[in-house]
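Biologist: I would like to know how the labels on this structure are justified. Please go through them with me one by one.

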Amino acid sequence: MSVLVVAAHPDDEVLGCGGAIAKHAQRGEDVVVCFLSDGVTSRESEADHAPELHRRRAAALEAAGILGVAEVRFGALPDNRMDSVDLLTIARAVEAHIREFAPAMIYTHFAGDLNVDHRLTHEAVMTACRPQPTSGVVTVLQFETTSSTEWRAPSASFAFQPDWFVDIDATLKTKLEALDAYAEELRAWPHARSREALEHLARWRGATIGRAAAEAFVLARHIA
Ligand SMILES: [Zn+2]
C-alpha cells in the first residue's frame with residue numbers, strides 16, 4: 001500500500017502522524033511526504049531566508065530518514081500566506097502528487113486548524129480526493145497539529161473529536177527522535193509545540209483507547 005502525507009509545513013508531518021508514518025514504514029509500506037509550503041518565507045525578507053530554508057529542508061530530510069519515509073517533496077507556496085493563492089492552484093499541486101504516487105491512504109491537516117495554511121491544505125486535499133469513479137484513494141485521515149488544532153476557538157464544526165487511533169507505543173521513540181530533527185521549530189515546555197507536550201499528548205491519546213501511546217485522527221472518508 002502506498003501512503004501519502006500532505007502537510008503544509010516541514011514539521012507538521014512529525015507532529016501530526018510521525019508515529020503512524022514510522023509504523024507504515026516498518027510494515028514495508030511506501031510513505032511519501034509532500035510539503036506544500038517551505039515553512040519559512042513569511043518570517044524573513046526574501047534576501048535572507050535562504051539559510052533558514054536550507055536548515056528547514058535538511059531537518060525535514062533528517063526526520064524523514066528517521067521515520068523511514070520513502071520520498072519527500074517540497075512545495076513553494078508562500079508560508080502562512082497560502083490564502084494569497086487560489087484554492088484551485090493548491091488543489092492541482094495535490095492532484096499532481098496523487099497522480100504520481102497513486103496512494104490508497106492520505107494523511108492531512110484537520111479542517112478546523114487555526115493556521116490558514118493547514119486549513120487550505122485540508123481543503124485542497126479534499127478537493128483533489130473527490131470520490132470520482134477513477135479515484136484510488138480509499139482512506140483520508142485528518143491529524144492534529146499541536147499549536148494549531150487546539151488553538152482554534154471552540155465551534156461545533158471545528159471540534160477535533162478523534163474517531164481513528166493508531167497505537168504508536170512501538171514508534172513513539174522514533175517519532176520523538178524525528179521531532180528532535182526539528183529542534184529549531186520546537187519551543188520550551190509548557191508550549192504546545194514542545195517535546196514534552198507531544199509526548200504527553202501521545203500518552204493521553206493512548207490512555208483514551210487503553211494503550212500506552214497513540215496518535216488520534218478524525219476520519220474524513222473511508223471506502224470499505
Ligand atoms: Zn504547519
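Biologist: Why is the site of the zinc ion called irregular?

Modeller: This is a predicted model, and the angles among the four donor atoms of its zinc ion are 57 to 137 degrees. Four donors count as tetrahedral if all angles lie between 85 and 135 degrees. Square planar requires opposite donors over 155 degrees apart. The range of 57 to 137 degrees meets neither condition, so the site is irregular.

Biologist: What makes an atom a donor of the zinc ion here?

Modeller: The cut-off is an N, O or S atom within 2.8 Å of the metal. H9 (ND1), D12 (OD), D12 (OD) and H118 (NE2) coordinate the zinc ion at 2.0 to 2.3 Å, so they count as donors. Along the chain, the donors have the spacing H-x2-D-x105-H. D12 lies in helix α1 (residues 12–26) and H118 in helix α4 (residues 116–128), so this pair ties together parts that are 106 residues apart in sequence.

Biologist: Why are D12 and H118 called buried?

Modeller: Buried means under 20% relative accessible area. D12 has 3% relative accessibility, so D12 counts as buried. H118 also has 3%, so H118 is buried too.

Biologist: T174 has 17% relative accessibility. Is T174 buried or exposed?

Modeller: T174, in helix α5, is buried, because 17% is under the 20% cut-off. Apart from residues up to four places away in sequence, T174 touches A22, I66 and L67.

Biologist: How do you know that the length of helix α6 agrees with what a helix should span?

Modeller: Helix α6 (residues 195–208) has 14 residues, and at 1.5 Å a residue they should span 20 Å. The end C-alpha atoms are 20 Å apart, so the two values agree. The buried residues of α6 are A197, L198, A202, R205 and G206. Their cover includes α1, β6 (164–167), α5 (172–181) and β7 (214–222). After α6 comes G210, with a positive phi near 70 degrees.

Biologist: What makes β3 and β6 edge strands?

Modeller: The open sheet has seven strands in the order β3-β2-β1-β4-β5-β7-β6, with mixed pairing. β3 (71–77) and β6 each have a single partner strand, so one side of each is left without a neighbour in the sheet. On average, neighbouring strands of this sheet are turned by 25 degrees against each other, direction ignored.

Biologist: How do you know that β6 and β7 pair?

Modeller: Two strands pair if there are at least two bridges between them. Four bridges join β6 to β7, so they pair, and they run antiparallel. V166 stands opposite E215 in β7.

Biologist: Why does A216 count as buried, and what is A216 in contact with?

Modeller: A216, in strand β7, has 2% relative accessibility, so A216 counts as buried. Leaving aside neighbours within four places in sequence, its contacts include F143, F160, W164 and R205. The C-alpha atoms of A216 and L201 are separated by 9.4 Å, and the two residues are 15 residues apart along the chain.

Biologist: What makes V33 buried?

Modeller: V33 lies in strand β2 (residues 30–37). Its relative accessibility is 2%, which is under 20%, so V33 counts as buried. Beyond its neighbours within four places in sequence, V33 is in contact with residues including V5, I21, V69 and V72. V33 and L186 are 153 residues apart in sequence, and their C-alpha atoms are 20 Å apart in space.

Key:
Residues are numbered from 1 along each chain as its sequence is written. This is a predicted model: local features need pLDDT of at least 70, side-chain atom pairs count only at pLDDT 80 or more; totals for chains, interfaces and linings use all residues. Side-chain values use heavy atoms; hydrogens and water are left out. Donors are N, O and S atoms within 2.8 Å of the metal (3.2 Å for Na, K and Ca); water is not among the atoms, so sites may look incomplete. Four donors count as tetrahedral if all angles lie between 85 and 135 degrees; four count as square planar and six as octahedral if opposite donors are over 155 degrees apart and all others between 65 and 115; anything else is irregular. Helices (H or I, at least four residues) and strands (E, at least two) are DSSP runs, numbered from the N terminus. Buried means under 20% relative accessible area, exposed over 50%, partly exposed in between (1.4 Å probe, protein chains only). The expected span of a helix is 1.5 Å times one less than its number of residues. Contact means heavy atoms within 4.5 Å. Axes are lines fitted to C-alpha atoms, for helices over the stretch in contact, and angles run from 0 to 180 degrees between N-to-C directions.
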